Amino acid sequence: MADIIRRLGWRHLRSTPTAHIRHHRGGKLVHDGPGVGFWFRPLAAALSEVPVEDRELAMTFRARTADFQDVSVQATVTYRIVDPALAAARLDFSVDPDTGSWRGAPLEQLGTLLTETAQQHALDVLARTPLSAALVDGVTAVRDRITAGLGAEPRLPATGIEVVAVRVMAVRPEAEVERALRTPARERIQQEADRATYERRAVAVERERAIAENELASQIELARREERLVEQRGANARREAEEAAAADRVRAQAEAARTVKLAEAEAARSVALASAEAQAAREVGEARAEAQAAWLRVHGDVDVATLHALTGARLAENLPRIDSVTVSPDVLTGLLARLGDGDRG
């Protein structure tokens, strides 16, 4: 919408670059173009504002397929006005000189034209298409048909309108039909999910069985190894006992042999010692006998008085030590008497 300013009976109009302004005064075109600004008298001016930017027209309509099923179509048509002068001549784009707003509803008229034309072509193609095909290929078929139909519509170029693009977002059946159509697919999906669940459970059970078998095999192998270990330990114990017994036997034999050798050596030493002692005793006896014989031979040639003296000396040698001798008068008298008798004799 153009901006209009009032000044002392004059008006100033300023438009945007996407709005084409046509100013007629006295039946003559004074200003023509987008984004213009000028002063004018409202009582003598005829103004038109035609939008020249691309505009989006959303539409939703119902149609019926070849098998008598109702569907709804959602589409969007992009268009623009390429000939503002022709559009302003065919549709009422005049604006109020005081407010700058359209006096009529040109865009609604244009939207009705495009919607009815597009709907006519969409109904035509869907009326010959079954519901299943419409749901699968209906979007492409409807889009192509609307594009071709709008391109061939003579009223659009005669109004200065060009269709830029056509987009069809969806072709959908009624809620009950859509729900009924979804049921088999949902059942198949549910079956696939159940089968996947069962397969996953079966795989899990199989894996658990394999794990249990592996654990059992591991336990069996462990028990077998423990049995071999016990056997090996018993064999080692027996071997150690046998080796200890053999070592004890060898040690006992060695001890016995050593004892025998010691006994034999001791016996030999005793025999040798006894023999030596006997030999020494024999030699001592012989020496004593020889000494006694020599003594006897020596004393055989000595007189009796000498023998008595030797005997007394020998006796004195064998007597204990006498520190003091007490001689009584009686003993002395007797000794003297004996000595006197001896001298006389």
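In the next few minutes I will go through one helix, one sheet and a few salt bridges of this structure, which is a predicted model.

Let me begin with helix α2, which runs over residues 106-126 and reaches 30 Å from its first C-alpha to its last, close to the 30 Å expected for its 21 residues at 1.5 Å a residue. Several of its residues are buried, among them L107, L110, L114, A118 and H121, and the buried residues of α2 pack against β6, β7, β8, α3, α4 and β9. As general background, residues three or four places apart in an α-helix point the same way, because there are 3.6 residues a turn.

I turn now to the sheet, which is open and has three strands in the order β4-β3-β6, with antiparallel pairing. Since β4 and β6 stand at the edges with a single partner strand each, one side of each is left without a neighbour in the sheet. Strand β3, residues 19-25, is paired with β4 over six bridges, and H24 has L29 in β4 as its bridge partner.

Finally, which residue forms a salt bridge with R11? The partner is D98, with the closest N and O atoms 3.1 Å apart, and because R11 lies in strand β2 while D98 lies in the loop between α1 and α2, the pair ties together parts that are 87 residues apart in sequence. R11 counts as buried at 11% relative accessibility, whereas D98 is partly exposed at 31%. Helix α2 returns in another salt bridge, in which the side chains of D124 and R145 meet at 2.3 Å, N to O, and this pair links helix α2 with helix α3, the two residues being 21 apart.

Note on methods:
Residues numbered from 1 in each chain as written. Predicted model: local features only at pLDDT ≥ 70, side-chain atom pairs only at ≥ 80, totals over all residues. Heavy atoms only, no water. Helix = DSSP H or I, 4+ residues; strand = E, 2+ residues; numbered from the N terminus. Expected span 1.5 Å × (residues − 1). Buried < 20%, exposed > 50% of the residue type's maximum accessible area, 1.4 Å probe, protein only. Contact = heavy atoms within 4.5 Å. Pairing = 2+ DSSP bridges. Salt bridge = Lys/Arg side-chain N within 4 Å of Asp/Glu carboxyl O.
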